[in-house]
Amino acid sequence: MRKGLLALVAVAAFVATSALIYADPLADAYAGKFKGTTVTMNGPFTDNDAVKFNESVKAFEQATGINIQYEGSKEFEASISIRIDGGNPPDIVDFPQPGLLRNFVKAGKVIDLSKVLDMKKVRANYIQSWLDMGTMEGPKGPIMAGIWARVNVKGVVWYNKKAFDAAGYKVPTTWKELIALQNQIKNDGDTPWAIGIESGAATGWTATDWTEQMMLRTTSLQNYDRWVAGKLKFESPEVRKAIQMWSDIWFGKGNVYGGRQAIATTSFGDAPKVLFDHPPKAWLNDQGNFVTTFFPDGLQPGVDYDFFQLPEVSSRYGAPVEVGGDIYAMFNDRPEVRAVMQYFTSAESLKTWVQSGGALAPQKDAQLDWYTNPVDRRLGELLKDAKAVRFDGSDQMPGQVGAGSFWKEMTAYVAGTHTLDQALKNIDASWPK
Amino acid sequence: MARQRRVLKTIGFIVLLGLTAIFLYGGFAFLKNFGGSKLVATALAIVWGLGSVALLYFVLNRMAESLPRRARALAVPLVFAGPALLILTWFLVLPTLRTLWLSFFDETSMHFVGLRNYAFAFTNRIMLDAFRNNLLWVVFGTLACVGMGLVIAVLADRSRGEKVYKAIIFMPMAISFVGAGVIWMFMYSYKGVGSGIQQIGLLNAVVVALGGKPQAWLLLPVWNNFLLIAIMVWLQTGFAMVILSSAIKAIPGEMLEAARIDGATEFQIFFRIIIPAIQGSLVTVTTTIVIFSLKLFDIVRVMTGGNYGTNVIANEFYMEQFTYGQTGRASAIAIVLLVAVVPIMIYNLRQFAERRAFK
């Protein structure tokens, strides 16, 4: 009798544990088990980006009955700390900077995804670099802190293809050719570049992007990594040279639409609009691929606009691809939140965004034919075929630098408030010891 | 017999207090878990919120009033001021003490670092710039606000379109600082130089019409501070004007008539009679605007984000706390700001007390 009872208990325990191990929140969600629940999300998407995000999760919301509430804010970096430190975090947080997520992981506030997601599926769907970049040091050791959603490629120069071809300009493949093109445009009486760095409290990040792109093209990958980790100082000759190369373009007479003073007052989304005036008021805009969301409506990708990679400076360093992206982290553990996180690890969650343009999916199960426009398809291929890929440097630096002094000092340098020496010294001084 | 009644009364009050507490807490718990329509929840919350406060005051007041006379003199004010004092202590005094405590620790708030954060606040280059800028705001902002408010109050006092002029000057007070930032963004807008570029900023349009070159106003070193101060003056002059205007109207007309009969010029009347008579209001307005410009944040944040040499103390401690996560430094800066404001407040309060005594 007692043996029978023991056996019964053992079987019950086994069934219960297997139920826990094999529980599939995502399957439950599609079966409608979480109908009427709400999953809250916070992130930096506003305006066009927010519209596209909501579109991309609509099908999932309708199929499962879960309401995903995304709250976007231009002051995201500041307001998210308040919520998390205040003990009232949203369920999922979308970080455009892994550096910021790292702080919260260190404080032990982030849920280890390897314990709540089906890791077999996740590992099969991302290449190792993305998984490595999502692993961060927690108080008890490294944890899987987040999964990558929308990613973007930086270091690509956009141009008005129709006007470009009509004017007889050729796409440059080396730095020398780029400067020659610049001079050719100037000789024709036009302004080559459209550049804007204004972005509210984040003003200056475009300048940091140019710095990272020049670093990747003028020095070794090891130096880039050392610089991002704080071991190579900003005052070093390598970083100085990288900044000088872009400031020669930005500050050169007649190079930028509106002149040097307009750079700090023009928002990054407004800057490329003049490329598409009739006739174009400027010809080149270097920006991440998300900028296509800000182009005027009705333009045909591949016909009206196209891109070329910012060319290499020397074949020794080539042109490594600089990427950025949004990483989603989980703060509250509930079954419906698990289901939504699992959904975000599949490319399906980005499908409509990819199809409407302006987003690239890092997941392996993203089909190249989703890229309805040839430009995005070429970007996807660029990502896949890249010999070397590096994440946006300033996004990986600690908050005081990556979201603070680097942005501010570059803005001050461009506006003429600080000299380059002052700016570099200040950034180095602000690095936390 | 009286003793029995007192005991019954005490028990009655204790029961009543208990019921109030149950109503307060119970209502809160009920509303927290209320799953129905948001509209119904809002209506219930309003009823519960107002009702529970009224009930609390009613019960406490009854208790205080039923006490013997000597205790009553103490109890009734305590009952009325008590809850407000408690709330102030919880939300104001305790956080201030905690900020003071945190200012002696590092950014993790776990290691004591003594006065290192204060050394940072007084020697860091960014902070020194912020102090300098705040000084500009205090001096020029206050002078302009109070000066213009006074002049307009005096000039409008006996004029025909008085109500209209006052309304126009006062209207900007209704606009939030962020809203004002957006408006003035367009005033100072700069679109760059080049062929075919049109300036959309009002200031640049005026400058170009007068034959000058358009400027990136918010990028101009030193001058951009004054342009931002202009926004605060636009917003706050109405406040100064209204208070000073009512003070001027309180001056007895006979005094001014007598002065005029004696042959005093308007300037003499202004400096010798009006200004001394409204001294109390002048001090109030000046100290309010000084405190205001010391803690100014929104205008700078919205217009320039603290860039181009316009940073102010409040913006810097916001960035230190929320963007850089440096709790210790931010707390130290906040305490420095508090210490700067306290003498002004003490002066203001003392003036206030003196005037009451004078009456």
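**Figure 1. B:Val222, a loop residue with positive phi.** B:Val222 counts as exposed because it has 10 C-beta neighbours inside 10 Å (20 or more other C-beta atoms within 10 Å make a residue buried, 12 or fewer make it exposed, and anything in between is partly exposed, with C-beta atoms placed from the backbone). In this predicted model, local features need a pLDDT of at least 70 and side-chain atom pairs count only at 80 or more, while totals for chains, interfaces and linings use all residues. Residues are numbered from 1 along each chain as its sequence is written, and chains are lettered from A and ligands numbered from 1 in the order in which they are written. The phi of B:Val222 is near 65°, although this residue is not glycine. Its place is the loop between helix H8 (202-209) and helix H9 (223-249) of chain B (helices are DSSP runs of H or I with at least four residues, strands are runs of E with at least two, and both are numbered from the N terminus). Most residues other than glycine have a negative phi, and most peptide bonds are trans.

**Figure 2. B:Tyr308, a buried loop residue with positive phi.** Phi of B:Tyr308, again not a glycine, is about 60°. B:Tyr308 lies in the loop that joins helix H13 (298-303) to helix H14 (313-323) of chain B. With 24 C-beta neighbours inside 10 Å, B:Tyr308 counts as buried.

**Figure 3. The cis peptide bond before A:Pro279.** The bond from A:His278 to A:Pro279 is cis, and its omega is near -5°. A:Pro279 belongs to the loop between H13 and strand E9 (282-287) of chain A.

**Figure 4. The crossing of helices H10 and H18 of chain A.** The axes of H10 (residues 205-218) and H18 (residues 399-415) of chain A come within 8 Å and cross at roughly 95° (axes are lines fitted to C-alpha atoms, for helices over the stretch in contact, and angles run from 0 to 180 degrees between N-to-C directions). This angle makes H10(A) roughly perpendicular to H18(A) (under 35 degrees is roughly parallel, over 145 roughly antiparallel, 65 to 115 roughly perpendicular, and the rest oblique). H10(A) makes the contact with A:Trp205, A:Ala207 and A:Thr208, and H18(A) with A:Phe406, A:Trp407, A:Met410 and A:Val414 (two residues are in contact if their C-beta atoms, placed from the backbone, lie within 7 Å). By class, six of these residues are nonpolar, one is polar and none is charged (Ala, Val, Leu, Ile, Met, Phe, Trp, Tyr, Cys and Pro count as nonpolar, Asp, Glu, Lys and Arg as charged, and the others, Gly among them, as polar).

**Figure 5. The contact between chain A and chain B.** Chain A brings 26 residues to the contact and chain B brings 20 residues. On the side of chain A that touches chain B, the elements giving two or more residues are helix H4 (76-85), helix H13 (260-263) and H18 of chain A. H18(A) gives the most, with eight residues. This side of chain A divides into nine nonpolar, 14 polar and three charged residues. The model scores ipTM 0.75 and pTM 0.78.

**Figure 6. The fold of chain B.** Chain B has 15 helices and zero strands. Of its 359 residues, 29% count as buried.
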